[in-house]
Amino acid sequence: ETQLNTLRDELASVKSVTTNADVLKEEIACIQRANESLSVEVWDSKTRFETLTKSSTMSLLMAQNNLTIEKQKVLKIEEKVEGLEKEARAYEVTQEEHIAQI
């Protein structure tokens, strides 16, 4: 009877270990699923970050290009203004000379 009780105790111990192993397997599977989900989230975040970076870079390049174009326009306007100022001075001199002759 003592041996029978010992065998029953050992069987109960083995069942307990088996049950614990099954629980651990379930926990590992749950952790693996969570890890896969996190991997997908990280990949999505990385992809979004890269997309935003590319988009921001393109926007910056376009803004720099627009600024260059606007600077060129300003330079052309300044050249026209200088030309008009020279014409106005020349006209003034001509008018003053004309008035002096009168």
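## Fold and overall form

Helices, here, are DSSP runs of H or I of at least four residues, numbered from the N terminus. Thr-68 lies in one such run, helix α1. The coordinates belong to a predicted model, and the protein chain in this model contains one helix and zero strands. The radius of gyration of the protein chain is 43 Å, whereas the globule rule gives 13 Å for 102 residues; the former is well over the latter, so the chain is more spread out than a compact globule. The extents of the C-alpha trace give a further view of this form, since along the principal axes the trace spans about 150 × 15 × 10 Å.

Helix α1 comprises residues 2-101. Ser-16, Glu-41 and Thr-68 are among the residues found in this helix, and each of them can serve as a reference point for distances along the chain.

## Distances along the helix

Three pairs of C-alpha atoms illustrate how separation in sequence translates into separation in space. Thr-68 and Lys-46 are 22 residues apart along the chain, and their C-alpha atoms are separated by 33 Å. For Glu-41 and Ala-90, which are 49 residues apart in sequence, the C-alpha to C-alpha distance is 73 Å. Ser-16 and Ala-100 stand 84 residues apart along the chain, with 123 Å between their C-alpha atoms.

## Surface and exposure

Of the 102 residues of the protein chain, 0% count as buried. The accessible surface of the chain comes to about 9,600 Å², and carbon and sulfur atoms account for 61% of that area.

The reference residues named above fall into the intermediate class of exposure, for which the limits are 20% and 50% relative accessible area. Ser-16, with a relative accessible area of 36%, is partly exposed, and Thr-68 is likewise partly exposed, with a value of 39%. Glu-41 has a relative accessibility of 45% and therefore also counts as partly exposed.

## Charged side chains

The protein chain carries 13 positive and 19 negative side chains, and the centres of these two sets lie 5 Å apart. Within this population of charged groups, the structure holds three salt bridges, which are described in turn below.

## The three salt bridges

The side chains of Lys-46 and Glu-50 meet in a salt bridge, with an N to O distance of 3.6 Å. These two residues are four residues apart in helix α1, so about one helical turn separates them. Both partners are partly exposed, Glu-50 at 34% relative accessibility and Lys-46 with a relative accessible area of 49%. Lys-46 is also the residue whose C-alpha atom lies 33 Å from that of Thr-68.

A salt bridge also joins Glu-70 to Lys-73, where the closest N and O atoms are 3.3 Å apart. Here the partners, both in helix α1, are three residues apart, which again corresponds to about one turn of the helix. Lys-73 counts as partly exposed at 44% relative accessibility, and Glu-70 counts as partly exposed at 41%. The remaining bridge links the side chains of Glu-85 and Arg-89, with an N to O distance of 4.0 Å; this pair lies in helix α1 as well, four residues apart and about one turn of the helix from each other. Of this pair, Glu-85 is partly exposed, with a relative accessibility of 41%.

Key
Residues are numbered from 1 along each chain as its sequence is written. This is a predicted model: local features need pLDDT of at least 70, side-chain atom pairs count only at pLDDT 80 or more; totals for chains, interfaces and linings use all residues. Side-chain values use heavy atoms; hydrogens and water are left out. The radius of gyration is taken over C-alpha atoms; the globule rule is 2.2 Å times the number of residues to the power 0.38. Buried means under 20% relative accessible area, exposed over 50%, partly exposed in between (1.4 Å probe, protein chains only). Accessible areas come from the Shrake-Rupley method with a 1.4 Å probe; for residues, only the protein chains shown count as cover. Lys and Arg count as positive and Asp and Glu as negative; His and the chain ends are not counted. The place of a charge is taken as NZ of Lys, CZ of Arg, CG of Asp or CD of Glu.
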